[in-house]
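This briefing walks through selected local features of one model, grouped by topic. Please read it alongside the sequence and the coordinates shown here.

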Amino acid sequence: MGYSPTARNKWLICRFGGIGDAVILTVIAKEIKRLNPQAQIHFCVPEHQIGLFNNLSLFEKVIPTKRFSHQQIDCIPFEDGWISIECIKPHYDIVIDYKFSIENNGQYGNLTGKQGTFMLTQNSNYQNWIDLSLGWADIDPETVFDKRPVYKVEPEEEKWAKRAVNALPNSKVIGLQLTASSLTRTFYAQEQLPRYIFEFDPDATIVAYANDLSWVVLTKFGPKRITLEQDKALRQSAALISQMDYFICADSGFAHIAQAIGTVKQIIIYTTVPGWTRAKYFTKTKTVETAGKLPCSPCFLIHRYCPVNMKRAEEQLSDRERQVMSLSQQNLPFHQAALQLNTTPEGLQSEFQAANAKMQGLANIVPDCILSITPEMIMEKLKEFYEEEKALKVA
């Protein structure tokens with residue numbers, strides 16, 4: 001497989017990140033097409049995501065991307081191997097690579113060694129990320145009136161999803177998907193919500209996310225599992241979401257797919273960033289947020305681990321364990337580090353593994369911002385939707 005675009009007005013948009021990161025870039029592609037209908041846009045996304053965009057007329061080509069993490073090099077398939085995206089950029093008239101605008105443009109880059117690569121992206125947490133992405137494409141956000149992402153469910157997918165859900169007659173279909181890539185954005189009490197929902201609406205049909213390959217349908221008559229196909233799982237999940245009246249979700253890729261589908265009312269939980277940084281232009285959406293309720297909230301970080309929990313974990317290490325962890329970050333030869341602690345290299349390795357495991361275990365404690373979100377807060381938003389719908393029917 002090779003790429004040698006020669007026609008003028010060729011655009012290349014590159015984004016290596018989560019599903020939501022890529023879905024919101026359909027806003028940019030849509031605006032480019034509006035401004036210049038002749039534009040031909042190629043879209044580079046992680047290889048497991050290409051199925052989400054292949055059927056959109058916005059893109060003439062969706063190119064699978066693979067990141068070789070040890071060198072942070074993004075590559076595309078070429079003949080029998082992979083070549084760097086940099087090799088094909090000269091063949092395009094305009095290139096927008098969000099690795100260099102969002103991923104590598106955070107103000108805390110010097111902390112990535114200790115805190116992880118999430119620190120590189122923090123500038124996208126202080127402003128609405130759709131406006132930020134438009135700006136990096138040299139498009140004035142103030143001139144764009146349609147800032148909703150795009151997704152297309154195919155008719156056969158919709159039929160499959162309708163059969164899979166098989167909602168009770170006249171039943172409201174309520175989706176639950178409260179898992180995110182970050183522990184600080186995952187609501188861990190999802191299994192509590194069905195009881196609250198059924199107490200409020202006994203005839204509801206609940207479609208709950210179980211894992212990447214399955215959802216569970218819950219009704220007053222009992223559960224039923226929906227098993228997804230490995231190579232169609234993302235699209236099948238999106239099709240299931242299209243059948244929902246209400247979708248209660250974490251700040252995750254599926255939240256953005258639901259918005260792009262356009263027919264689903266959403267309740268989105270935001271913990272570390274204010275909801276407006278993500279959902280400012282979303283329609284049919286209510287947010288549940290922790291901002292202002294905790295001294296550390298919002299923290300504007302989307303790190304895998306809560307910074308407060310990380311600090312607490314470090315404080316619970318012994319002096320010896322802190323020395324071990326500190327030496328591990330100094331890039332000393334292992335035998336030299338071992339001599340400083342009067343131990344053997346093997347002993348230091350064991351101590352480091354034990355201290356690191358202790359840190360990880362303590363860091364995995366549910367963050368305060370997540371604990372501050374209750375099922376009652378979520379149900380309040382759901383009841384508001386019901387009341388609004390009831391008022392429209394009366395009117």
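In this predicted model, Glu86, Lys89 and Asp97 are linked in a network of salt bridges. Lys89 sits in the loop between β5 (81-84) and β6 (94-97), and with a relative accessibility of 13% this lysine counts as buried. The side chains of Lys89 and Glu86 are also joined by a polar contact of 2.9 Å.

**Salt bridges between separate parts of the chain**

- The structure holds 20 salt bridges, and one of them is formed by the side chains of Glu60 and Lys33, with an N to O distance of 3.0 Å. Glu60 belongs to the loop between β2 (40-46) and β3 (61-68), whereas Lys33 belongs to helix α2 (residues 25-35), so this pair ties together parts that are 27 residues apart in sequence.
- The two partners differ in their surroundings: Glu60 is partly exposed, with a relative accessible area of 40%, while Lys33 is buried, its relative accessible area being 16%.
- Lys286 forms a salt bridge with Glu384, in which the closest N and O atoms are 3.4 Å apart. This pair links distant parts of the chain, since Lys286 lies in strand β13 (residues 285-289) and Glu384 in helix α16 (residues 375-394), 98 residues apart.
- Here, too, the lysine is the buried partner, as Lys286 has a relative accessibility of 14%, whereas Glu384 is partly exposed, with a relative accessible area of 28%.

**A salt bridge between partly exposed partners**

- The side chains of Lys232 and Glu229 meet in a salt bridge with an N to O distance of 3.8 Å.
- Lys232 counts as partly exposed at 41% relative accessibility, and Glu229 likewise counts as partly exposed, at 37%.

**Helix α9**

- Helix α9 (residues 253-261) is largely enclosed by the rest of the structure, because 9 of its 9 residues are buried.
- The buried residues of α9 include nonpolar side chains such as Phe254, Ile257 and Ile261, and His256 and Gln259 are also among the buried residues of this helix.
- Just after α9, Gly262 takes a positive phi of about 90°.

**The β9-β10 hairpin**

- Strand β9 (residues 214-219) and strand β10 (residues 222-227) run antiparallel and are joined by 6 bridges.
- These two strands form a hairpin with 2 residues between them, and Thr219 stands opposite Gly222 in β10.

**The internal cavity**

- Rolling a probe the size of a water molecule over the atoms shows where empty space is left. In this model, 1 cavity of 30 Å³ or more is found, and the largest cavity contains about 50 Å³ of space.
- The lining of the largest cavity is made up of 10 residues, and those that lie nearest its centre are Cys14, Arg15, Phe16, Asp74 and Ile85.
- Which classes of residue make up this lining? The lining of the largest cavity has 5 charged, 4 nonpolar and 1 polar residues.

Methods:
Residues are numbered from 1 along each chain as its sequence is written. This is a predicted model: local features need pLDDT of at least 70, side-chain atom pairs count only at pLDDT 80 or more; totals for chains, interfaces and linings use all residues. Side-chain values use heavy atoms; hydrogens and water are left out. On a 1 Å grid over the protein atoms alone, a cavity is a set of points where a 1.4 Å probe fits but cannot get out, and a pocket is an open set with protein on both sides within 12 Å along at least five of seven lines; lining residues have an atom within 4 Å of a point. Grid points are joined across faces, edges and corners, and a volume is the space filled by probe spheres set on the points. Buried means under 20% relative accessible area, exposed over 50%, partly exposed in between (1.4 Å probe, protein chains only). Helices (H or I, at least four residues) and strands (E, at least two) are DSSP runs, numbered from the N terminus. A salt bridge is a side-chain nitrogen of Lys or Arg within 4 Å of a carboxyl oxygen of Asp or Glu. Two strands pair if DSSP finds at least two bridges between them. A polar contact is a pair of N or O atoms within 3.5 Å; within protein, one must be able to donate a hydrogen and the other to accept it, and residues adjacent in sequence count only if both atoms are side-chain atoms.
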